[in-house]
Amino acid sequence: MYHQLYLSPVGQLRIVADDIALRQLWLPNEVERRQPESTWIDDAQHPIICLVVKTLTDYFAGKKVDFSLIPCEPEGSEFQKSVWHQLKSIDYAKVVSYGDIAAAINKPKGAQAVGGAVGANPIAIILPCHRVMGKDNSLTGYSGGLHVKKALLELEGIPYKENKR
């Protein structure tokens, strides 16, 4: 595995790739509490890492980017992978609900399970779990913290409702 830190407007991100695809993208709270494995190589010149850095730089500069051009191979269960595959199809500045994803993967009563899979997404931002909202367009949770989700939504111009809990 290869990795590189990337300083973004929402904090430091860690990009993790192999020779085939992007495997992980850690949000700032993960960078703070996790360390790369000792066998990983810090490589800013790795082609997949370079592609991710360029795409993120454009994204944070407010440019409309197509995350689906980045090869992604997250590790997880078949159910999780089916949910993460749906994340990749959410267009820039669009949102879907957990129920929408559940219906798309033929699990119409599985919105809660979809929420668990979305929360376990190992490739944040690129597999845009921040674009998944409650059915009334309300913020639910976000593994990177709601402040990060809000910043990403605001960057894309996506309106949301604060959850009144």
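# Reasons behind the labels in a predicted model

User: This is a predicted model, and Tyr 59 is called buried in it; what makes that label right?

Analyst: Tyr 59 has a relative accessible area of 0%, and since buried means under 20%, Tyr 59 counts as buried because its value falls under that limit.

User: Why is Tyr 92 also called buried?

Analyst: The relative accessibility of Tyr 92 is 16%, and because the limit for buried is under 20%, Tyr 92 counts as buried as well.

User: How many aromatic pairs are there, and what kind of pair do Trp 26 and Trp 40 form?

Analyst: The count comes to four aromatic pairs. Among them is the pair of Trp 26 and Trp 40, whose centres are 5.9 Å apart with 50° between the planes. Centres within 6.5 Å make a pair, and planes that are neither under 30 degrees nor over 60 degrees apart count as tilted, so the pair of Trp 26 and Trp 40 is called tilted. Trp 26 belongs to strand 3 (residues 22–26), while Trp 40 sits in the loop between helix 1 (28–33) and strand 4 (41–42), 14 residues apart, and the pair thus links distant parts of the chain. Both Trp 26 and Trp 40 are buried.

User: Why is the pair of Tyr 59 and Tyr 92 called edge-to-face?

Analyst: The ring centres of Tyr 59 and Tyr 92 lie 6.3 Å apart and their planes stand at 85°; because planes over 60 degrees apart count as edge-to-face, this pair receives that name. Tyr 59 is in helix 2 (residues 47–60) and Tyr 92 is in the loop between helix 3 (78–88) and strand 5 (96–97), so the pair ties together parts that are 33 residues apart in sequence. Ring pairs also link Tyr 59, Phe 60, Phe 67 and Tyr 92 into a cluster.

User: What makes strand 3 and strand 4 stand at the edges of the sheet?

Analyst: Four strands form an open sheet in the order 3-2-1-4, with mixed pairing. Strand 3 and strand 4 each have a single partner strand, so one side of each is left without a neighbour in the sheet.

User: How do you know that strand 2 and strand 3 are paired?

Analyst: Four bridges join strand 2 to strand 3, which run antiparallel, and because at least two bridges are needed for a pair, strand 2 and strand 3 qualify. Within this arrangement, Ile 15 stands opposite Leu 25 in strand 3.

User: Why is Leu 13 called buried, and which residues does Leu 13 touch?

Analyst: Leu 13, which is placed in strand 2 (residues 11–17), has a relative accessible area of 0% and is therefore buried, as the limit is under 20%. Not counting residues up to four places away in sequence, Leu 13 touches residues including Leu 25, Leu 56, Phe 60 and Ile 125.

User: Which residues have the most contacts inside the largest nonpolar core, and which helix gives the most to this core?

Analyst: The largest nonpolar core has 41 residues, and Leu 25, Leu 56 and Ile 125 have the most contacts inside it. Helix 2 gives the most to this core, with six residues.

User: How do you know that Val 114, Ala 117 and Val 118 are on the same side of helix 5?

Analyst: Val 114, Ala 117 and Val 118 are buried in helix 5, and they cover an arc of only 100° around the axis, which puts them on the same side of helix 5. Helix 3 and helix 4 are included in what covers the buried residues of helix 5.

Conventions
Residues are numbered from 1 along each chain as its sequence is written. This is a predicted model: local features need pLDDT of at least 70, side-chain atom pairs count only at pLDDT 80 or more; totals for chains, interfaces and linings use all residues. Side-chain values use heavy atoms; hydrogens and water are left out. Helices (H or I, at least four residues) and strands (E, at least two) are DSSP runs, numbered from the N terminus. Buried means under 20% relative accessible area, exposed over 50%, partly exposed in between (1.4 Å probe, protein chains only). Contact means heavy atoms within 4.5 Å. Rings of Phe, Tyr and Trp (its six-membered ring) pair if their centres lie within 6.5 Å; planes under 30 degrees apart count as stacked, over 60 as edge-to-face and the rest as tilted. A nonpolar core is a set of buried Ala, Val, Leu, Ile, Met, Phe, Trp, Tyr and Cys residues joined through side-chain atoms within 4.5 Å. The arc is that of the directions from the helix axis to the C-beta atoms.
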